[in-house]
Amino acid sequence: DYAALPTAVNITWSSINFKTILQWQPKPSGYFYTVEIHGQTSDIKKKCIRTTETECDVTDALKDVKETYVAHILSVMQTEMDNFEEPPYALSEKFTPYSQTVIGKPEIKNYTQKGSELNVVIKDPLTPYTFPNGSFQSIRDIFQHDLEYKLYYWKDQSSGKKDTTTKSHTFEVNVESTKNYCFYVQGFVPSRRENRNGQTSVVHCTTGERGILDEYGAEVFIIIAVIAIAVITLAIVLPVILCKRKKARAVREKEPLNGV
């Protein structure tokens, strides 16, 4: 009897970079669950039919990411009963992937600190959705210009934090050439009312002594080193040469006197 079956409770949507999992309770005993995804304008999609699990990956039922969906979690028996009897179900909260999925950790592709310029290049997180050629869409492909990134940076071993934003994949910020810097990146969607800020990336720090090598590059450093060596060599060799010439001149000046 369908009427006696318990219905799902504590239904939650968990979504990162558009990969969306529906979760609920309790674990079924003597019955099963079937998930139905209802969109405002799209057809009903059935997922995880007659499952004993209490979660369901519904990502591919939410491909229209700007659509608003509601999940019906049906409590069902092992076999189909009389079609006239509707199984009991529980309703989820509404969910719109475009405005509610969490933006995952961006990847810092590479970074350099040359003199007083810190350059950071980031890689967009991928989504489970694909282009017709099979390659995965990134969150940038879906959000377009709505997606921005924020870079937080500070002097190594300092607490004073600065930040800057970009709509591209790169940051170029002016820093002190004699200091090392630490930083991390976070994606965000300013047009959202809630859940604007995404997860933060791993923290990276620049390394090495900051100085003339970073300011002007290795080539200039090598030229300066060569000049310095030349000057030192000249400073040592020149007095020796002059001293020898002086002695030779003195010897020549004494020779005629010795001949008298």
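**Notebook: salt bridges, rings and confidence**

**Entry 1: starting from Asp-57.** I looked up Asp-57 and got 32% relative accessibility, so I file Asp-57 as partly exposed. The model I have open is a predicted one, and I keep that in mind for everything below.

What does the side chain of Asp-57 meet in a salt bridge? I find Lys-19, at 2.8 Å from N to O. Where do the two partners sit? Lys-19 belongs to strand β2 (residues 19–25) and Asp-57 to strand β5 (residues 55–57), so this bridge joins distant parts of the chain, 38 residues apart. Lys-19 comes out at 43% relative accessibility, which means it is partly exposed too.

**Entry 2: other salt bridges.** How many salt bridges does the structure hold? I get six. As a reminder to myself, side chains of opposite charge can pair when their charged atoms come close.

I picked Glu-53 and Lys-27 from the list; their side chains meet at 3.9 Å, N to O. Both residues are in loops: Glu-53 between β4 (45–51) and β5, Lys-27 between β2 and β3 (32–39), with 26 residues separating them along the chain. For Glu-53 I noted a relative accessible area of 41%, partly exposed. Lys-27 is exposed at 55%, because that value is over the 50% cut-off.

I also wrote down Glu-36 with Lys-46, a salt bridge at 4.0 Å, N to O. Here the link runs from strand β3 (Glu-36) to strand β4 (Lys-46), 10 residues apart. Is Glu-36 buried or exposed? I see 13% relative accessible area, so Glu-36 is buried.

**Entry 3: aromatic pairs.** Next I searched the whole structure for aromatic pairs and got 10. I opened Trp-13 with Phe-95: ring centres 4.7 Å apart, planes at 15 degrees. Why call this pair stacked? Because 15 degrees between the planes is under the 30 degrees that the term asks for.

Trp-13 is in strand β1 (residues 9–16), while Phe-95 is in the loop between β7 (89–91) and α1 (97–100), so the pair ties together parts 82 residues apart in sequence. Both rings belong to buried residues: Trp-13 has a relative accessible area of 17%, and Phe-95 has 3%.

Then I checked Tyr-98 with Phe-143. The centres lie 4.9 Å apart and the planes make 55 degrees, so I log this pair as tilted. Tyr-98 sits in helix α1 and Phe-143 in helix α2 (residues 139–143), distant parts of the chain with the two positions 45 residues apart. Tyr-98 and Phe-143 are both buried.

Which residues do ring pairs link into a cluster? I read off Phe-18, Tyr-98, Tyr-129 and Phe-143.

**Entry 4: charges over rings.** I looked for lysines over ring faces and noted two cases. The charged end of Lys-150 is over the ring of Phe-188, 5.2 Å from the ring centre. Lys-161 lies over the face of Trp-154, with 5.2 Å to the ring centre.

**Entry 5: a loop residue.** I clicked on Ser-177 and found it in the loop between β14 (170–174) and β15 (181–188). Ser-177 is buried, at 17% relative accessible area. Its C-alpha is 9.2 Å from that of Leu-118, and the two residues are 59 apart along the chain.

**Entry 6: whole chain.** I count four helices and 17 strands. The chain has 260 residues, and 37% of them are buried. Of the contacts with a separation of 6 or more, 61% come from residues 24 or more positions apart. The exposed area is about 16200 Å², with carbon and sulfur atoms supplying 54% of it.

**Entry 7: how far I trust it.** Mean pLDDT for the chain is 87, and 88% of residues reach 70 or more. Which elements have the lowest and the highest mean pLDDT? I find helix α3 (residues 212–216) at the bottom with 47 and β2 at the top with 98. Over residues 210–215 pLDDT stays under 50, though the model still has 18 contacts beyond four places in sequence for this stretch. Where pLDDT is low, the predicted coordinates should not be read in detail.

Notes:
Residues numbered from 1 in each chain as written. Predicted model: local features only at pLDDT ≥ 70, side-chain atom pairs only at ≥ 80, totals over all residues. Heavy atoms only, no water. Buried < 20%, exposed > 50% of the residue type's maximum accessible area, 1.4 Å probe, protein only. Contact = heavy atoms within 4.5 Å. Areas by Shrake-Rupley, 256 points an atom, 1.4 Å probe, with all protein chains shown as cover. Phe/Tyr/Trp six-rings, centres within 6.5 Å; stacked < 30°, edge-to-face > 60°. Lys NZ or Arg CZ within 6 Å of the ring centre and 35° of its normal. pLDDT = per-residue confidence, 0-100.
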